[in-house]
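Colleague: I would like a close look at one helix of this model and at the residues around it. Please set that part against the chain as a whole.

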Amino acid sequence: MPKGEALSEIVNYVDPIRKTRFKEELNALGIKKEIKPFEIGTVRYTSTDRLHRANENDKISFYIQPSDFLARRTAVLGMTRTGKSNMIKQTISVVKDIADSCDLPIGQLVFDINGEYANANKQDNGSISDIYADGCERYRMIKTDGFNHLLNNFYTEINEGLAILGDLIRENKKDGSADVDTFLGMSLDKPDASEEPGEYKRWQVKTAIYKTLLKRAGYEYSGKFSVKFEANKKVRDAVDKLLIQEDSGYVSMDPKNSFDYNQALKWFDAARKANKNKSDTGKLKSSSGSNWLDEECVAMLNLLVGRNNNDSYIRGFRTIECGRPYHTPARSQDVYKEIYKHLTDGKIVILDLSVGQAQLRERIGKKIAKYVFDSSMNCFTQGNNPNNIVIYIEEAHNLIGKGMDLSDTWPRLAKEGAKYKIALVYATQEVSSVHPNILANTENWFISHLNSEKEISELAKFYDFADFKQSLLRSQDVGFARVKTLSSPFVVPIQINKFDPEAILSKKGVNNV
């Protein structure tokens, strides 16, 4: 059995051809400075390691090549509490060191399912966000001090807000009215004003009703609420007639000059009544002769006043109150754009997904991943050089399921992301639940204890992991992993080093002197 320098030479062997390619790959990633391999752990043959690791001199370091992880796919597999998170934290700190030493922005995006990267816990003496406070941004779906909103403003990101409302209403449906069904099937896509002027005017009316409905349901609005849209003279006259009957002092208002909330509420209520007072052939008409209020507008007006077409009471606007925790009035730009900007600036972005509804967590996670992928791809296809980004996913089976289509976001990111300088690091205990396309495109593997024959059988399809079947089933030691990297020709049993926040902070303190 090889020991000492001989063992070190074997486990850290890299093919000379591969070594030559290191420099080329690093240059392509924008890294001109020579980067030495970094230690990730020490060789450990068996669970009972006193037989060959009796003292510190018997422990042989195992090193990883930095280029193996940038623009690559890495799997961290194992049961809960076997060291998956520890490995990811090690990788985050190493990538940050590479970025700092090379003065190269490398963005890191962490999908933090359990909140252990964004928040300090008893196991660690500090969280990732504590250690790299100056270069880290934290996001949550729920308003929390110290966190950015992982939420959009429903008034400005209209389609995103409508989609979230749809998910929530379908899950907790309490109102089975036809108006709610119409609302759920509605689209608020913005038409081109120059090509479809009529449809654009209809969209203005529809979005004005929608925003007024949000306001009625208690969604906070930043600043002074206002909506404006166009209505032809016949429509305005019909509405004015009703409003004058209710209030003799009423002064005619033109919606193109904008309404505040109370004006909009009063005007839309009268428009609904005016539309109902007409026969089917005499409903409020647009200048083109079509109904000025389409089915979707009528449904929203019914929700706004809490009555259906027969004027029977319905829950109305209360049906959409369920989305209020997922809206923030404080945001003026798309959260996805903001996150991508942080990544291109080389920051660590942690998405704390430990709070909030699971369905929304999956939706928002996928949306962010798609935006990152599409933005980097567009940068590449336009002849520019995308920034390096590393994406980390805990409990990956919750986000990148086996049943996904190959054209879906996560399989595409795993398959094509490297081309656009996006690396993917995913951790899970359910190997069989991960999309096969992602497994097939994985270059680096860190595997600790798995307690299922099914998961081991799935894993045995790759490299020579089948040789470690019994060891993986029986050995439950924390941090004891079998490692296969892109550069290494062998699967090597390793005891992964413990993530040490104090050591990192101490090192940063020395560097800052």
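Modeller: What follows goes from the whole chain to helix H3 and then to some other places in the chain.

This is a predicted model, in which local features need pLDDT of at least 70 and side-chain atom pairs count only at pLDDT 80 or more, while totals for chains, interfaces and linings use all residues. Residues are numbered from 1 along each chain as its sequence is written, and side-chain values use heavy atoms, with hydrogens and water left out.

The protein chain has 17 helices and 12 strands, where helices (H or I, at least four residues) and strands (E, at least two) are DSSP runs numbered from the N terminus. Its C-alpha trace spans about 100 × 45 × 40 Å along the principal axes. Of the 513 residues, 54% count as buried, a term that means under 20% relative accessible area, with exposed being over 50% and partly exposed in between (1.4 Å probe, protein chains only). Among the contacts in the chain with a separation of 6 or more, 73% come from residues 24 or more positions apart, a contact being heavy atoms within 4.5 Å.

Helix H3 covers residues 84-102, and its 19 residues should span 27 Å at 1.5 Å a residue, which agrees with the 27 Å between its end C-alpha atoms; the expected span is 1.5 Å times one less than the number of residues. Because 16 of the 19 residues of H3 are buried, the helix is largely enclosed by the rest of the structure. Just after H3, aspartate 103 takes a positive phi of about 50°.

Within H3 lies serine 85, which is buried at a relative accessible area of 13%. Leaving aside residues up to four places away in sequence, serine 85 touches Glu116, Tyr117 and Glu394. For the pair serine 85 and glutamate 116, which are 31 residues apart along the chain, the C-alpha atoms are separated by 8.4 Å.

Tyr117 is also among the residues touched by serine 129, together with Ala118, Asn119, Cys136, Arg138 and Ile350, again not counting residues up to four places away in sequence. Serine 129 is found in helix H4 (residues 128-131) and is buried, with a relative accessible area of 7%. The side chain of serine 129 reaches the backbone oxygen of alanine 118 at 2.9 Å, a polar contact in the sense of a pair of N or O atoms within 3.5 Å, where within protein one must be able to donate a hydrogen and the other to accept it, and residues adjacent in sequence count only if both atoms are side-chain atoms.

Helix H11 (residues 335-344) is mostly covered as well, with 8 of its 10 residues buried, including Val335, Tyr336 and Leu343. At the start of H11, a side-chain oxygen of aspartate 334 comes to within 2.9 Å of the backbone nitrogen of tyrosine 336. Just after H11, glycine 346 takes a positive phi of about 85°.

Positive phi values also occur at two loop residues other than glycine. Aspartate 311, with phi near 65°, lies in the loop between helix H10 (295-305) and H11 and counts as partly exposed at 33% relative accessibility. Lysine 421, with a positive phi of about 65°, sits in the loop between helix H13 (409-416) and strand E9 (422-428), and counts as buried at 8% relative accessibility.
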